[in-house]
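Open the model in your viewer and keep the selection panel at hand. The tour goes stop by stop.

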Amino acid sequence: MAASARTLWHRFFPPRVELPEEARRILAAVYPTLDLSRVTFHRGVPLVLDLAVFPGAIVIPAGVRRGRVYVQPRGWRPDSAAGLALLVHEAFHALQLQDGGPGLGLIRPFTILYLACSAGNGFRYFGHPMEQDAYAVAGLSRSRFEGLMRDDPGGLEERLERLAGLEVRSSRLRFWTKLAWSTPGFRTLWRGAAGVARRVPVLGTLAALLPAALAWTLALLWLTFWTAATAALTLFRWVVEGTVAVASGMLWIGGAVGRLFGAAYR
């Protein structure tokens, strides 16, 4: 039972792994403002996320200011070029998380914006604005990191020297801009308001106030909706993790009691 308890626990709470020193130095070189002490790396993806979205890797907020990077076991290869590029890509999301500011669990600006942009993109992965920003740095053959590491000289110091030109100090999250453009109807209303203001300089500006105000009202409603959705996800996560914790504890206790009785009757 103890083995079953451990297996169940690890499927929902993948174990933390230490980032190799070489990979840590590369991430620090690419993202000098990222506080890696607030980021933990885990080999495996929580079962709920694994079943829902099948991610190769994912960044999840934790606590108030921390973040966790979960990587599928097959993708945890920090000593390979592909595995390192995956970590650099996910570290950009960790920088987005940091730039978004603090919160409580999943209720963070990063999560709210990611979900809102996903909906605005038709829940498609490719074309997601926050993913596009990350892929510009690493994760594709045409990304900047892969371009610099192509024909890799091999040594760590040579790698760090090459990466000097890649330094990314900010994710340029632009929360309100991305949230607004992801809001259904916002682009049409905003561009309509801008068009009216250009055509009639004085009266047009006054006439443009109504569609502009309506556009931002929609954006605020969009923010409210996805904040509530994130809160619901946080509650669901707490319920699932609490249930798993109790079940794992009961299995462990059952195993311990069984061993005690077994020893007593030998």
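A residue counts as buried when its relative accessible area is under 20%, as exposed when it is over 50%, and as partly exposed in between. Keep in mind that this is a predicted model.

**Stop 1: Phe225 and Trp226**

Select Phe225 and Trp226. Their rings form an edge-to-face aromatic pair, 4.9 Å centre to centre, with 85 degrees between the planes. Which of the two is buried? Trp226 is, because its relative accessibility is 10%, and the cut-off is under 20%. Phe225 is partly exposed, with a relative accessible area of 48%.

**Stop 2: Phe186 and Trp190**

The structure holds 15 aromatic pairs. Another one to select is Phe186 with Trp190, a stacked pair. The ring centres are 5.7 Å apart, and the planes make an angle of 10 degrees. Now show helix 10, residues 186-199. Phe186 and Trp190 sit 4 residues apart in helix 10, so about one helical turn separates them. Colour by accessibility next. Phe186 is buried at 2% relative accessibility, whereas Trp190 is partly exposed at 33%.

Widen the selection to Phe175, Trp176, Trp181 and Trp216. Together with Phe186 and Trp190, these residues form one aromatic cluster.

**Stop 3: a nonpolar patch**

Switch on the surface and select Leu104, Leu235, Trp238 and Val239. They make a nonpolar surface patch of about 410 Å². Pick out Trp238 in this patch. Trp238 belongs to helix 11, residues 203-264. Its relative accessible area is 46%, so Trp238 counts as partly exposed.

**Stop 4: strand 3 and its partner**

Hide the surface and select strand 3, residues 57-62. How many of its residues are buried? The count is 6 of 6. In a regular strand, side chains alternate between the two faces of the sheet. Check each face of strand 3 in turn. Ala57, Val59 and Pro61 lie on one side, and Ile58, Ile60 and Ala62 on the other; both faces are covered.

Add strand 4, residues 66-71. Strand 3 and strand 4 pair in the antiparallel sense over 6 bridges. To see one position across the pairing, select Ile58 and Tyr70: Ile58 stands opposite Tyr70 in strand 4.

Finish at the turn. The two strands form a hairpin with 3 residues between them. Select Gly63 there. This glycine in the turn has a positive phi of about 60 degrees.

How values were computed:
Residues are numbered from 1 along each chain as its sequence is written. This is a predicted model: local features need pLDDT of at least 70, side-chain atom pairs count only at pLDDT 80 or more; totals for chains, interfaces and linings use all residues. Side-chain values use heavy atoms; hydrogens and water are left out. Rings of Phe, Tyr and Trp (its six-membered ring) pair if their centres lie within 6.5 Å; planes under 30 degrees apart count as stacked, over 60 as edge-to-face and the rest as tilted. Buried means under 20% relative accessible area, exposed over 50%, partly exposed in between (1.4 Å probe, protein chains only). Patches are made of residues with over 30% relative accessible area and no salt bridge: like charges are joined within 9 Å, nonpolar side chains (Val, Leu, Ile, Met, Phe, Trp, Tyr) within 5 Å. Accessible areas come from the Shrake-Rupley method with a 1.4 Å probe; for residues, only the protein chains shown count as cover. A salt bridge is a side-chain nitrogen of Lys or Arg within 4 Å of a carboxyl oxygen of Asp or Glu. Two strands pair if DSSP finds at least two bridges between them.
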